[in-house]
Amino acid sequence: MKFTKKLTDAFNEQIKAEMWSSNLYASMAIYFQKAGLPGCANWMNKQAEEELEHAHKLIEYGVDRGGDMKISAIDAVPTEWAEPKAVFEQVYNHECYVSELIDKLMDLAIAENDKATQEFLRWFINEQVEEEKNAQAILDKFNAYGVHGMWCIDHELGKRE
Ligand code: FEO
């Protein structure tokens, strides 16, 4: 079955969104590095790598299906945040937004009656559950420990591999 034009366009948009996410997290890593929080910076750099992997997964699948895959210009990402907790609030909100994008992609794959793409997207749907959960867990720590727990949070996030 041919990869439809609608799915090709939607995948190209999602590739762009994943690359933007990667840049967002790389920018957050720089913020934390400058703030003297290398553990948080480590977490963000790993997150940035994961987002690029997501983009490449989509590219590879689209190419395998014969889609006209393209890399478009990526919009600039934020560079400043009021405080560390605000960064993780943005992570959580952004991941909820990405979950909605993935859900819409699935809706389109169903509307286009492309079962292979529905199967492929299941991985992303499960991944988004993890992404939201991980961001929420970090926010929970901020709420539980307060700013005085920053060293503890930074130490823990430094362990992410
Ligand atoms: Fe690729 Fe964090 O969603």
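This passage looks at the nonpolar cores, one helix pair and one buried polar residue of a predicted model.

Start with the packing. In soluble globular proteins, nonpolar side chains tend to end up buried together. Here, the largest nonpolar core counts 24 residues, and M28, F32, M44, F88 and V91 have the most contacts inside it. Two or more residues apiece come from α1 (5-34), α2 (38-64), α3 (84-111), α4 (115-145) and α5 (150-157). The largest share is that of α1, which puts in six residues. M44 gives a feel for how this core is knitted together: leaving aside residues up to four places away in sequence, M44 touches Y25, M28, A29 and F32, along with V87, F88 and V91. There is also a second, separate core, made of 18 residues, with L7, L58, M69 and M106 among them.

Next comes the pairing of α2 with α4. Their axes sit 12 Å apart and cross at about 170°; with angles over 145 degrees counted as roughly antiparallel, that is therefore how the two helices run relative to each other. On the α2 side, the contact is made by W43, Q47, E50, E51, H54, K57, L58 and Y61, which meet A116, T117, F120, W123, F124, E127, E131 and I138 of α4. It's a mixed bag chemically: eight of these residues are nonpolar, three polar and five charged.

Finally, α4 also carries Q128. Q128 has a relative accessibility of 3%, so it counts as buried. Its side chain isn't left without a polar partner, though, as the side chain of E95 makes a polar contact with that of Q128 at 3.0 Å. Beyond four places in sequence, Q128 touches V98, S99 and I102 as well as E95.

Note on methods: Residues are numbered from 1 along each chain as its sequence is written. This is a predicted model: local features need pLDDT of at least 70, side-chain atom pairs count only at pLDDT 80 or more; totals for chains, interfaces and linings use all residues. Side-chain values use heavy atoms; hydrogens and water are left out. A nonpolar core is a set of buried Ala, Val, Leu, Ile, Met, Phe, Trp, Tyr and Cys residues joined through side-chain atoms within 4.5 Å. Buried means under 20% relative accessible area, exposed over 50%, partly exposed in between (1.4 Å probe, protein chains only). Helices (H or I, at least four residues) and strands (E, at least two) are DSSP runs, numbered from the N terminus. Contact means heavy atoms within 4.5 Å. Axes are lines fitted to C-alpha atoms, for helices over the stretch in contact, and angles run from 0 to 180 degrees between N-to-C directions. Angles under 35 degrees count as roughly parallel, over 145 as roughly antiparallel, 65 to 115 as roughly perpendicular and the rest as oblique. Ala, Val, Leu, Ile, Met, Phe, Trp, Tyr, Cys and Pro count as nonpolar, Asp, Glu, Lys and Arg as charged, and the others, Gly among them, as polar. A polar contact is a pair of N or O atoms within 3.5 Å; within protein, one must be able to donate a hydrogen and the other to accept it, and residues adjacent in sequence count only if both atoms are side-chain atoms.
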